[in-house]
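These are my comments on the model, set out as numbered points. They begin with an enclosed space, then turn to the ligand and the backbone.

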Amino acid sequence: MSLRDVTDLYREFGEERLPPGQRVTEKFPVLSKGSVPEWDPGSWEFTVRGAVEEELTYSWEEFGDLPHETQRQDFHCVTGWSKFDCEFTGVPFPELAERAGVHDDAVHVTFDALDGYTTNLPLSDCLREEVLFASAFDGEALPREHGGPLRVVTPHRYAYKGAKWVTGVTFLTEPERGFWERRGYSNTADPWAEERYS
Ligand SMILES: Nc1nc2c(c(=O)[nH]1)N[C@H]1C(S)=C(S)[C@@H](COP(=O)(O)O)O[C@H]1N2
Ligand SMILES: [Mo]
């Protein structure tokens, strides 16, 4: 599979690849609000709903048949560490949006996850090739503690915008806040502008 290197996307936001106030780590720390939720490949469902022409539901097998892409991306955690050159394989957000047919009045998106976590982003922040529903990391199935079987990655935003164990996406005509966004973390979360808290 071909590899798309998107580690230069920082040029849209700042001068430096490493956002201000971040340290590079070689490790891949785990940050979760609770324990790793159970998942059953037989009953797992992924849904696309809200302000769309057609609500979509995928089984694990059906989701695996969608067009996937591997990208080299950077990962920025709001707690201060950044990990460069992560290879994630997944379905780009615009692919799903196109299949569902997003209504003209949709402006916002929320993500749901198996552990009850939610997160939100403006639609324009999601309609980017770099926003992936990722099922593999460095060529291996995504480790469960990092959100396997499926997570969102948002290399242009702090990593709390990327729901691990994601099970669905909802298109909205009004903004809504997710788990951390309701608890004082930035709604916009641009690492180069150091938007950590709101
Ligand atoms: N479902 C879910 N997604 C989540 C979280 C979580 O607790 N539950 N934590 C978020 C936070 S705060 C961060 S920094 C990243 C951490 O991803 P990692 O554990 O793979 O490093 O996942 C984000 N996505
Ligand atoms: Mo985080």
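1. The lining of the second largest cavity consists of Val 6, Thr 7, Leu 9, Tyr 10, Asp 74, His 76, Pro 155 and Trp 192. By class these residues are five nonpolar, two polar and one charged. The volume of this second largest cavity is about 40 Å³. Please keep in mind throughout that the model is predicted.

2. How many cavities of 30 Å³ or more does the structure hold? There are two. The largest cavity has about 50 Å³ of space, and the second largest has about 40 Å³.

3. Around the largest cavity the lining residues are Gln 73, Asp 74, Phe 75, His 76, Arg 151, Val 152, Val 153, Thr 154, Pro 155, Arg 157, Ala 159 and Gly 162. They divide into five nonpolar, four polar and three charged. Asp 74, His 76 and Pro 155 belong to this lining and also to that of the second largest cavity.

4. Which strands each supply at least two residues of the lining of the largest cavity? They are strand S5, residues 69–76, and strand S11, residues 151–153. S5 gives the largest share, with four residues.

5. Now the ligand. Ligand 1 is surrounded by 21 residues, and the closest of them are Pro 29, Asp 115, His 146, Arg 151 and Lys 164. The shell is made up of 14 nonpolar, three polar and four charged residues. Arg 151, one of the closest residues to ligand 1, also lines the largest cavity.

6. Three polar contacts of ligand 1 deserve a check in the viewer. A polar side-chain atom of Lys 164 is 2.5 Å from an oxygen atom of the ligand. A polar backbone atom of Pro 29 lies 2.7 Å from an oxygen atom of ligand 1. The third involves a nitrogen atom of ligand 1, which is 2.8 Å from a backbone N or O atom of Gly 162. Of the 540 Å² of accessible area that ligand 1 has on its own, the protein covers 97%. Gly 162 is also among the residues that line the largest cavity.

7. Where does ligand 1 sit? The space that ligand 1 takes is the largest pocket. This pocket contains about 390 Å³ of space. It is lined by 23 residues, and those closest to its centre are Leu 31, Ser 32, Tyr 117, Tyr 160 and Trp 180. The lining of the largest pocket comprises 15 nonpolar, four polar and four charged residues.

8. Two backbone features remain. As a rule, most residues other than glycine have a negative phi, and most peptide bonds are trans. Gly 148 and Pro 149 are joined by a cis peptide bond, with omega about 20°. Pro 149 is in the loop between strand S10, residues 140–141, and S11. S11 is one of the strands that supply at least two residues of the lining of the largest cavity.

9. Is the phi of Asp 85 positive or negative? Asp 85 is not a glycine, yet its phi is positive, at about 60°. Asp 85 is in strand S6, which covers residues 81–92.

Methods:
Residues are numbered from 1 along each chain as its sequence is written. Chains are lettered from A and ligands numbered from 1 in the order in which they are written. This is a predicted model: local features need pLDDT of at least 70, side-chain atom pairs count only at pLDDT 80 or more; totals for chains, interfaces and linings use all residues. Side-chain values use heavy atoms; hydrogens and water are left out. A residue is near a molecule or strand if one of its heavy atoms lies within 4 Å of it. A polar contact is a pair of N or O atoms within 3.5 Å; within protein, one must be able to donate a hydrogen and the other to accept it, and residues adjacent in sequence count only if both atoms are side-chain atoms. Accessible areas come from the Shrake-Rupley method with a 1.4 Å probe; for residues, only the protein chains shown count as cover. On a 1 Å grid over the protein atoms alone, a cavity is a set of points where a 1.4 Å probe fits but cannot get out, and a pocket is an open set with protein on both sides within 12 Å along at least five of seven lines; lining residues have an atom within 4 Å of a point. A molecule sits in a cavity or pocket if more than half of its atoms lie within 2 Å of its grid points. Ala, Val, Leu, Ile, Met, Phe, Trp, Tyr, Cys and Pro count as nonpolar, Asp, Glu, Lys and Arg as charged, and the others, Gly among them, as polar. Grid points are joined across faces, edges and corners, and a volume is the space filled by probe spheres set on the points.
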